[in-house]
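Subject: Structure for your review

Dear colleague,

Please find below the structure that I am handing over to you. I would be grateful if you could look through it alongside the notes that follow.

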Amino acid sequence: MTNITERINSILAEIGSAQLVAVSKYRSNEEIMSLYNAGQRVFGENRAQDLAKKYEDLPEDIEWHMIGHLQRNKVKYIAPFVGLIHSCDSVRLLNAINKEAKKIDRTIRVLLQFKINEEDTKYGFERGEVLEQLQNDQWPECSNLEICGVMGMATNTSDTEVIRKEFNNLYDIFKTLKPNFTESFKEVSMGMSNDYPIALDFGATMVRIGSKLFE
Ligand SMILES: *Cc1c(COP(=O)(O)O)cnc(C)c1O
């Protein structure tokens, strides 16, 4: 077994200037603390209640990211502290987050999640959908949101050509949308344990890594 500090340092060296989001879903507080003690401060969870619980239990200087599908009625559990919501996958969810943020007088940082793979047809904006809504003045009021970029997940496959195509597509969506937002719109969250080297090749600024870190 490799030492956790070595493991994290080798990933950090590989990803260069991209940000590492350590995906700690299903991990115990002890496991998270071992990464914390190795210097990691940004952690991602995919369930709102788990995020809220870990926020309460663990050190205050951890930046917590929401990376999984978020139901509108769960926004209130994480709104007061969440550092970034990667998984904003609908206008209705954006509205719900904005409303909650207003209530607590906070600006919440979010990414727009896009559907870029064939298998996962459930969550995310379609390519073209956001631009269409912006052009038709159907984009919601986002007074208390800082829209920081895009997020996507590639197909879980060993066919790297498929993955390359999907990440290339997400980066292209990012470039197309960028002129419509503020200078905060600069993040491309893509890449997990199995595909992050490809994501980095296609311009990822954030990678979300779980299993490879915790092993
Ligand atoms: C679980 C998860 C990850 C991390 O996956 P690993 O394969 O463990 O690196 C990244 N992003 C999302 C949205 C996840 O749910």
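**Helix H5 and its surroundings**

Directly after H5, Asp105 adopts a positive phi of about 55°. Please keep in mind throughout that this is a predicted model.

The helix that comes before Asp105, H5, covers residues 91–103 and so is described here with its 13 residues. From its first C-alpha to its last, H5 reaches 18 Å, close to the 18 Å expected at 1.5 Å a residue.

Several residues of H5 are buried, namely Val91, Leu93, Leu94, Ala96, Ile97, Asn98, Glu100 and Ala101. What covers them? The cover includes two helices, H4 (75–78) and H6 (129–135). It also includes the strands S4 (84–88), S5 (108–114) and S6 (145–152).

H5 also holds a salt bridge, formed by Lys103 and Glu100, with the closest N and O atoms 3.5 Å apart. These two residues both lie in H5 and are three residues apart, which is about one turn of the helix. Is each partner buried or exposed? Lys103 counts as exposed because its relative accessibility is 62%, and the cut-off for exposed is over 50%. Glu100 is buried because its relative accessible area is 15%, and buried means under 20%.

**The nonpolar cores**

In soluble globular proteins, nonpolar side chains tend to be buried together. In this model, the largest nonpolar core has 64 residues. Which of its members touch the most others? They are Ile85, Ile97, Leu112, Phe114 and Trp139. Of these, Ile97 is also one of the buried residues of H5.

Trp139 deserves a closer look in the viewer. Leaving aside its neighbours within four places in sequence, Trp139 is in contact with Val91, Leu94, Leu112, Phe125, Val130, Gln133, Leu134, Ile147 and Phe181. Val91 and Leu94 in that list are among the buried residues of H5. There is also a second, separate core of five residues, which includes Leu111, Cys148, Met151 and Met206.

**Other salt bridges**

How many salt bridges are there in the model? The count comes to 11, and two further examples may be useful to inspect.

- Glu31 pairs with Arg27, the closest N and O atoms being 3.7 Å apart. Glu31 counts as partly exposed because its relative accessibility is 30%, and Arg27 counts as partly exposed at 23%.
- Arg47 pairs with Asp50, the closest N and O atoms being 4.0 Å apart. Arg47 is partly exposed, with a relative accessibility of 45%, and Asp50 is partly exposed at 24%.

**The protein as a whole**

The secondary structure comes to nine helices and eight strands. Along the principal axes, the C-alpha atoms fill a box of roughly 55 × 45 × 30 Å. Because a compact globule of 215 residues would have a radius of gyration near 17 Å, the 17 Å found for the protein agrees with that expectation.

Of the 215 residues, 50% count as buried. The accessible surface comes to about 10,700 Å², and 44% of this belongs to carbon and sulfur atoms. Among contacts between residues at least 6 apart in sequence, 58% join residues at least 24 apart.

With kind regards,
A colleague

Technical notes:
Residues numbered from 1 in each chain as written. Predicted model: local features only at pLDDT ≥ 70, side-chain atom pairs only at ≥ 80, totals over all residues. Heavy atoms only, no water. Core = buried A, V, L, I, M, F, W, Y, C linked by side-chain atoms within 4.5 Å. Buried < 20%, exposed > 50% of the residue type's maximum accessible area, 1.4 Å probe, protein only. Contact = heavy atoms within 4.5 Å. Helix = DSSP H or I, 4+ residues; strand = E, 2+ residues; numbered from the N terminus. Expected span 1.5 Å × (residues − 1). Rg over C-alpha atoms; globule rule 2.2 N^0.38 Å. Areas by Shrake-Rupley, 256 points an atom, 1.4 Å probe, with all protein chains shown as cover. Salt bridge = Lys/Arg side-chain N within 4 Å of Asp/Glu carboxyl O.
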